[in-house]
Amino acid sequence: MVLEAPHLPLIGKRLRQQASRDDRIKLGFMAVIGLYLVVALGAPLFVMLSKSLSTYRFELSAFEFQVSDETGANWGPVVRAADLNRELGAVTEAELSSNSDGRLAATKFFLDFKFRSPVHYRIRGTTDDAAFLVGSTLEKGTEWREYDSGTFRRVVLRPARALGFTNFTTYFSTPALAQSIYNSVLMAVISTVFTISIAFALAYGLTRSCMPLKGLFRGILTIPILVPSLLPGIALVYLFGNQGIFRDWLLGYSIYGPIGIVIGSIFFTLPHAFLIILTALSIADARHYEAAASLKASKWRTFTTVTVPGARFGIVSAAFVVFTLVITDFGLPKVIGGQYGMLAVDIYKQVIGQQNFEMGAVVSVILLVPAVLAFVVDRHMQKRQVALLSARAVPYTPKRNARADGLCFAFACLVSLFILGMIAMCQIAAVVKFWPYDLTLTSKNFAFDLMDGGGWAAYSNSIRLALLTALFGSVVVFAGAYMVEKADGFRLGRGVFHFLAMMPMAVPGMVLGLAYIFFFNNPANPLHPIYGTMAILVVSTVTHFYTVAHLTALTALKQMDPEFESVAASLKQPFHRLFFRVTVPVCLPAILNIAIYLFVNAMTTVSAVVFLYSTDTKLASVAVLNMDDAGDIAPAAAMGMMIFYTNVAAKLVHALIARGPLARTQAWR
Amino acid sequence: MNRRMLFVLAGAVSAVLPAIAAAETQLTVYTAVEAVDLDRYKATFEKAHPDIKINWVRDSTGVMTAKLLAEKDNPQADVVWGLAATSLLLLKTEGMLEPYQPKGVEALDPKFVDKDTPPSWVGMDAYVAALCYNTVEGEKLGLTPPTSWKDLTKPEYRGHVVMPNPASSGTGFLDVSGWMQMWGEEKAWDFMDKLHQNISAYTHSGSKPCKMAGAGEAVIGVSFEFPGAKAKSAGAPIDIIFPAEGSGWEAEATAIIAGTANLEAAKTLVDWSVTKEANEMYNAGYAVVAYPGVAKQVEHLPDDIASRMIVNDFEWAANNRAEILKEWQKRYDAKSEPKS
């Protein structure tokens, strides 16, 4: 879900005053929350970066051999593996660089090696760390070890750890991996173009036409936010898979691959783009349209010179959000990507499939690049945005136009049908016995306890995580935003803090999760005890979704006149009184929005937590992933629908609170 | 707090205390065994040894192995019970396993026991490569069911075969390493080159191809026998085929993590894991178990699976895994453009 707030804090010129005790307390708070961001974001990312630079290499100078004669009793001279290799050239320089699982057969250095000869071999390391395997038994150290030729055949050297860029060279020289960069960018660009076009058309219809049922469409269009991104993948399999209802619509093309990724991406990114562009379009100034009308500008000209420029920044912002979401998403390509390599899935394949943590870190670093670029360009664009809405603006009210209104209505119906159809398909899949051979209804797909993946406990864990995230996240985010916005002085610190708060948007969840393993599962880390607990899931989820929540809080705080602070100060009121008596009540709607945003996202998040959950903290969204992975697609759909219904319920509760008790505190508006 | 509350609390405490005193040792046991089986394992073991309590940490083989390796410098597990033998070999080469000769291990089939003395791991059961063939879809397309691995390269199966990706699935790797051990590397690559032409998708899990065949998403799924039997019981129109050349297989095994604080309890658990009683328990899900003569036929599976298993050199597979996967990815993963 994207809430509106794409602004930098306006650092207005304020009179500089002596830092009071209040300010020092505020700075203290800011430091605490800043420290949170450093520990939960900066440090893990740094550790991951260093992991990507940690390489493995066979150090041939660290091994020495001695060979006996045919009697096995008289020993020849001691020789180093490095010297032998210089003579024989058995192993090339490229073969010496390896990964953490690398093995190099010792027999490679003995051209005349025969495994049934009476010759004996000795091997030792020249350093304490030099390691080799005899079969699968690990040997280390500088002591000579003697083997007959039959056993020596099974000796393999292990690589030593070093630092360097070899992992990156390996990455780019592996076609399968390098291809993923192209694939990911291509998919992200195509999805962005489609999503933005559709979202713009919808937002345009809702703001510039008199089509009926606007409220209903608004509701339907935000539905995809409430489901994990795996669910559209599952729905597409049922709709267009080899046994799908509409399989023929694809004209023989397979849904497993780019087509599936694009359709699914449009589904789950549409609400994000729609909400941002809707915000941008709704701040239209009717006077511009009146001017255009009096200048007798054509409809098209008005559209290109007034409507589009006015929403330009919203469109750019939405495009970057969609691009980042698609390129960093992991659930959808995993379910429906087929053989189409994508960066986020590559991380999973490297780490889970091959236990190659270093290469996983390399892919993560590469995945950060486009996301950070998109983010930086977006920030730059936002800085140039000027306020379009002046105090004298006249709100635009669309006029009736039967043809245009009908067209907008038809298009909104079409998109709504697509969204509802996907959800309905999942619901059907969840209650059917054995698709497509036995279509009788059943509830057995909801017997999660019999499936691998986590059972009903995972579902309640998810709710616990969502509640904790909403609670702690709202407090941390709002307090942080307050400090940035309202603290005086210490400009540099506030700048750094703001930068840290904006970072998470560019960091893919999978990267964050992996960084957390490296950082928190280090026994030297005093925070190690939170590894494998609910706490680390809450921390990672709050951090992962920090940016949008932070921006929402900032927007709300900006609406408050800084005079409040001055008045409070001159009345000698401590800031916490002002904070709890005025600031929090006034910003309560925004705080509740942050809470529901965090709740919904905590329910659906997969990528940031997939490496971090433990048996006691399995999550429903991860269970969807695992059940689909095991081929239990119907139960996966069932669990996905449980998440959906939970989120719908949460939204209803939120709406009730916002309408009831909250409305009273907001009566002044 | 009023008096009644205090009374209730005292009652609760006195009820709980003896329970705590009895369950003296808590073992953290990492496992990849199917979730449905875990309760049974725990209950049966704890009945035999009421002084030891099992705390499961369960995930798929890949995640579990990654987790164990990630925790190398600070192991959280006492025992691994039910993880692929090749994964345990990987841990062994990192020096993470405590060698131990369980009491009664002599009774097991030697191919289920680590070759070193004392062994670092002892096997429980095996999962064996098999094909799941969807008879309904096969008939619609006019195909004949395959009977051997070589059959899978026939042009008629083009786009109808699904197999697990060895780079992300242990089952996928056991297929590849099985072919290499049966035919030699060169012939195996030859075979895979041709097979690749017929593959419609490489999945990330080993049981998924069978379930895809069961659901008609594919006609032939390269998988292993257990999900086949399960899908068939659930009503999937599939035949489970064991290729004529023989099948690669993987053992599920048990090992003690070096440096555990509960070594005695860990040994007790491993001792028990090789007993006849334990093997009878494994037989509920697995057609082949480590204790000879225990296995009874599993529904939908033939009774001679054990004889179809190839001679498997786990050590060779583990030590060549990185090289094989590198080559595999070079050959087949790069061709990621979808077939049109």
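## Exercises on a two-chain model

Let's start with a freebie: the side chains of A:T207 and A:R208 make a polar contact at 3.4 Å (N or O atoms within 3.5 Å, one able to donate a hydrogen and the other to accept it; sequence neighbours count only through side-chain atoms on both sides). The model is predicted, so local features need pLDDT of at least 70 and side-chain atom pairs 80 or more, while totals for chains, interfaces and linings use all residues. Residues are numbered from 1 along each chain, chains are lettered from A and ligands numbered from 1 as written, and side-chain values use heavy atoms, without hydrogens or water.

**Exercise 1. Work out where A:T207 sits and what it touches.**

Step 1: locate it. A:T207 belongs to helix α6 of chain A, residues 175-208 (helices are DSSP runs of H or I with at least four residues, strands are E runs of at least two, numbered from the N terminus).

Step 2: check the accessibility. The relative accessible area of A:T207 is 12%, so this residue is buried (under 20%; exposed is over 50%, partly exposed in between, with a 1.4 Å probe and protein chains only).

Step 3: list the contacts (heavy atoms within 4.5 Å). Leaving out residues up to four places away in sequence, A:T207 touches A:L278, A:L281, A:S282, A:Y396 and A:P398.

**Exercise 2. How many disulfides are there over all chains, and which cysteines does a disulfide join?**

Step 1: apply the cut-off, a pair of cysteine sulfur atoms within 2.5 Å. Over all chains, the count is one.

Step 2: name the partners. They are B:C132 and B:C210, with 1.8 Å from S to S.

Step 3: place them. The link ties together distant parts of the chain: B:C132 is in strand β5 of chain B (residues 122-134) and B:C210 in helix α8 of chain B (residues 208-214), 78 residues apart.

Step 4: get the handedness. The torsion about the S-S bond between B:C132 and B:C210 is -65 degrees, and the link is left-handed. B:C132 and B:C210 are both buried.

Step 5: try a cysteine outside the bond. A:C408 takes part in no disulfide, and the nearest cysteine sulfur, from A:C210, is 9.8 Å away. A:C408 has 17% relative accessibility, so it counts as buried. Another buried cysteine is A:C587, at 1% relative accessible area.

**Exercise 3. Hunt down backbone oddities: cis peptide bonds, then positive phi in residues other than glycine.**

Step 1: scan omega. From A:W435 to A:P436 the peptide bond is cis, with omega near -5 degrees. B:T117 and B:P118 are also joined by a cis bond, with omega about -10 degrees.

Step 2: place the prolines. A:P436 is in the loop between β12 (432-434) and β13 (438-441) of chain A, and B:P118 in the loop between β4 (97-98) and β5 of chain B.

Step 3: look around A:W435. Its relative accessibility is 18%, so A:W435 is buried. Residues up to four places away aside, A:W435 touches A:Y238, A:Q243, A:I245, A:M425, A:I428 and, across the chains, B:A215. A:G244 is 191 residues from A:W435 in sequence, yet their C-alpha atoms are 9.7 Å apart.

Step 4: scan phi. A:L213 has phi near 60 degrees; this residue sits in the loop between α6 and α7 (214-221) of chain A and is partly exposed at 48%. A:Q355 has phi of about 50 degrees, lies in the loop between α13 (343-354) and α14 (357-384) of chain A, and is buried at 6%.

**Exercise 4. Describe chain B as a whole, then the area buried between chain A and chain B.**

Step 1: count elements. Chain B has 13 helices and 11 strands.

Step 2: look at the packing. Of its 340 residues, 58% are buried. Among contacts in chain B between residues at least 6 apart in sequence, 74% join residues at least 24 apart. The C-alpha trace of chain B spans about 80 × 45 × 40 Å along its principal axes.

Step 3: go to the interface. There, 56 residues of chain A meet 60 of chain B in contact. The chains bury about 5,200 Å² between them, with carbon and sulfur atoms giving 48% (accessible area lost on being put together, 1.4 Å probe, summed over both parts). A:S136, A:Q339 and A:Y437 supply 13% of what chain A buries against chain B, more than any other three residues.

Terms used:
Buried area is the accessible area (1.4 Å probe) that two parts lose on being put together, summed over both.
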